[in-house]
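Student: Please take a close look at the largest nonpolar core and the strands around it.

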Amino acid sequence: MTTDTTEIINDDRGALVEYIEQFLDADERAALFAELDGARAHFTHDRLRIYGRVVDSPRLVCAFGDDGLRYRYSGVDRPTRPWLPGLRAVRERVATAVGQDFSYTLVNLYRDGDDYIGWHSDKYADIVPDSCIASLSLGAERPFRLRGREKDSPVHEIALADGSLLLMKGTTQRLYKHQLPARRAVRRPRFNVTLRLMRATKQGRAW
């Protein structure tokens, strides 16, 4: 089930952000949510170094991907688990829709509205240059914000629906930051599947 695409950002510097509100139908998103929920034992906090202190990330994370791939961010070197069957199928479906392969996904689990992620850009040095990062939302609807790196840049906000797909293309990671703010009123969990095409080293690893 794929509906119309909405442009969120399209600037002359090569950044393009698009949104598909109903990429998965109700049965598809329920099945994938159940598969990821069944793997909760493998989701853990990242241990992040922030201003000299080591703290737990305010969400849980698990990585899935092709053999030999790893992704290092914020001082974290997270091992990669093999693709789950439903997750692999959705990866192929997104790849067909976008016209780009994906080799890795970092899945975030926001257990309720207290879990969040602050302003940041995904680490673009480890992905194929200007390739798309596809973000699939499952579960509770949460607001998502983007803003340019420049001071006083306007903030774009969109509500990410259950089963929706957000596509961050081109120079988006170099020129923009994004966040998922806390929402105390939200009591339901949300999985965020972020698909990437990693750049491999000579040893066949992405770092």
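Tutor: Here is the core, followed by one of its strands.

This is a predicted model, so local features need pLDDT of at least 70 and side-chain atom pairs count only at pLDDT 80 or more, while totals for chains, interfaces and linings use all residues. Residues are numbered from 1 along each chain as its sequence is written, and side-chain values use heavy atoms, with hydrogens and water left out.

A nonpolar core is a set of buried Ala, Val, Leu, Ile, Met, Phe, Trp, Tyr and Cys residues joined through side-chain atoms within 4.5 Å. Buried means under 20% relative accessible area, with a 1.4 Å probe and protein chains only. The largest core has 30 residues, and Leu36 and Val94 touch the most other members. Elements giving two or more residues include helix H1 (26-37), helix H2 (85-98), strand E5 (60-65), strand E8 (104-110) and strand E15 (190-196). H2 gives the largest share, five residues. Helices (H or I, at least four residues) and strands (E, at least two) are DSSP runs, numbered from the N terminus.

Leaving aside neighbours within four places in sequence, Leu36 has contacts (heavy atoms within 4.5 Å) with Phe43, Phe64, Leu84, Leu87, Val107, Leu138, Phe191 and Val193.

Now E8. Seven of its seven residues are buried. Tyr104, Leu106, Asn108 and Tyr110 point one way; Thr105, Val107 and Leu109 point the other way. Two strands pair if DSSP finds at least two bridges between them. E8 pairs antiparallel with E5 over six bridges, and Phe64 stands opposite Thr105. Seven bridges join E8 to E15, also antiparallel. There, Tyr104 stands opposite Arg196.

Notes
Buried means under 20% relative accessible area, exposed over 50%, partly exposed in between (1.4 Å probe, protein chains only).
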